[in-house]
Amino acid sequence: MKDTEQDTEQASAKNLHGNPAAHAPGQPVVAVIGDGQLARMMQTAAIELGQSVRLLAGTPESSAAQVAADVLLGDYRDLDALRAAAHRADAVTFDHEHVPSEHLRALIDAGISVQPRPEALLYAQDKLEQRRRLRELGFPVPRFSAVTSVADAEAFYEEAAGQVCLKACRGGYDGHGVWFPEDREALTELVTSLLDKGVALMAEEKVRFDRELSAMVARTPSGEVAAWPVVESEQKDGICHRAIAPAPGMSKEDDDALRTLAEDIARRLGVTGVLAVELFDKGGQYWINELAMRPHNTGHWTQDGSATSQFEQHLRAVLDMPLGDTRPTAPVTVMVNTLGGATEPAEPVPSRMAQVWRRFPQAKIHLYGKEHRPGRKLGHINLSGQDAAATAREADLAAHYLVHGRWADGWVPA
């Protein structure tokens with residue numbers, strides 16, 4: 001065996017046991033299952049609270065594993081790995097919703113606090129179960145149907161007058177697992193192919209909406225809830241491009257109503273931690289699009305625009321601690337994602353960051369420690385200001401330079 005291979009194997013074996021010395025005496029330990037940017041930012045919040053995270057990661061190079069001091073390498077589908085991560089943790093939580101429910105129940109049976117619990121997490125894991133439960137509880141959802149055959153799909157196509165969105169019931173994010181067939185023939189071909197691959201499917205009526213919104217709330221196991229202002233989110237290619245907080249032009253009455261909606265969903269589904277309720281808005285009429293039971297892309301603005309960030313709030317919530325103030329700290333805060341461009345600019349990332357700050361010193365840049373790949377989420381920029389349109393323009397310019405190494409408006413420093 002080569003020395004480098006041996007070193008890697010030894011490092012992996014060491015990491016399987018974690019680092020028990022990485023936790024402050026007397027402070028809570030939260031086991032986070034998943035190693036992406038959400039877990040990375042939970043770790044940052046935990047540090048500021050004097051707490052710490054034990055991370056179950058797939059690789060030592062992952063976004064969260066780069067910064068967590070106690071990292072166990074393992075598969076989230078492996079019950080033994082989950083048990084190791086949960087050992088002596090005050091709570092177990094997630095940066096994704098894909099952990100098998102039966103494993104979570106095994107942890108609960110062993111006396112471990114799992115937040116959110118699998119009974120609630122199901123409605124973020126399975127879109128069809130989510131739709132059925134929300135409709136049963138009287139919440140506004142688009143027309144939908146299970147699709148177990150081509151006949152099911154064709155019948156729904158007629159019912160929805162051809163306005164069909166086809167979804168995989170499980171898995172999928174950032175536009176993956178969602179299809180918009182152009183006509184009946186395309187729908188038939190797509191359903192046939194996906195069912196042959198064993199993909200569980202549902203169909204829902206395609207909503208003609210004016211804009212997308214996100215109502216975010218946190219709830220503790222003992223029942224305390226706190227909601228942030230509703231934000232407007234803008235998508236590009238199925239991925240969140242920008243979030244504006246609070247949503248421009250929204251009345252206080254509608255904001256209050258949607259906050260209450262999110263709080264009611266959290267209570268009635270038994271959600272703990274942070275919940276994001278993504279919504280379609282058509283002239284003040286609202287439909288629920290998706291649920292996410294974890295910190296969410298549309299809540300990143302809270303890091304620099306709210307009295308309490310979604311990451312701190314999530315940790316406080318899953319530990320059943322008093323929740324923090326959710327009031328904005330500026331009239332408007334805009335978050336823009338930075339995704340890898342078609343090519344990586346020659347200018348190094350630190351130099352691009354410096355250029356952004358020279359023009360917009362108030363910009364807050366959050367990077368995830370990921371290597372460039374076209375279309376990959378590499379970070380985001382938060383920018384606060386007085387006016388939504390002006391602040392959004394500045395945030396877009398800053399994000400564009402960080403991605404492409406050039407100013408979209410041709411600006412040249414004096």
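This report describes annotated positions, one strand residue and two helix arrangements in a predicted model.

Residues are numbered from 1 along each chain as its sequence is written. In this predicted model, local features need pLDDT of at least 70 and side-chain atom pairs count only at pLDDT 80 or more, while totals for chains, interfaces and linings use all residues; side-chain values use heavy atoms, with hydrogens and water left out.

**Annotated positions and V231**

An unreviewed UniProt entry places the feature "binding site" at K127, K167, E204, E205, K206, V207, E212, N289 and E290. UniProt positions follow the numbering used here, feature names are shortened, and annotations may be inferred rather than shown by experiment. Helices (H or I, at least four residues) and strands (E, at least two) are DSSP runs numbered from the N terminus. Buried means under 20% relative accessible area, exposed over 50%, and partly exposed in between (1.4 Å probe, protein chains only).

| Residue | Location | Relative accessible area |
|---|---|---|
| K206 | loop between β8 (201–205) and β9 (211–219) | 24%, partly exposed |
| E212 | strand β9 | 14%, buried |
| V231 | strand β11 (residues 231–236) | 2%, buried |

Contact means heavy atoms within 4.5 Å. Not counting residues up to four places away in sequence, K206 touches Q163, V164, C165 and F180. With the same exclusion, E212 touches V231, E232, S233, Q235, L279, F280 and N289. N289 is also one of the positions in the UniProt feature. Leaving aside neighbours within four places in sequence, V231 is in contact with E212, L213, S214, I244, A245, A247, T298 and W301.

**Helices α2 and α11**

The axes of α2 (residues 37–48) and α11 (residues 310–318) come within 8 Å and cross at roughly 75°. Axes are lines fitted to C-alpha atoms, for helices over the stretch in contact, and angles run from 0 to 180 degrees between N-to-C directions. The crossing makes α2 roughly perpendicular to α11, a class that spans 65 to 115 degrees. L38, M41, M42, A45 and A46 of α2 meet F311, E312, H314 and L315 of α11. These residues divide into 7 nonpolar, 1 polar and 1 charged (nonpolar: Ala, Val, Leu, Ile, Met, Phe, Trp, Tyr, Cys and Pro; charged: Asp, Glu, Lys and Arg; polar: the others, Gly among them).

**Helix α12**

In α12 (residues 349–359), R352, M353, V356 and R359 are buried. Seen down the axis of α12, the buried residues fall within an arc of 130°, so they line one face of the helix; the arc is that of the directions from the helix axis to the C-beta atoms. P350 and R358 are exposed on the other side of α12. The cover over the buried residues of α12 includes β16 (364–367) and α13 (388–404).

Note on methods
Angles under 35 degrees count as roughly parallel, over 145 as roughly antiparallel, 65 to 115 as roughly perpendicular and the rest as oblique.
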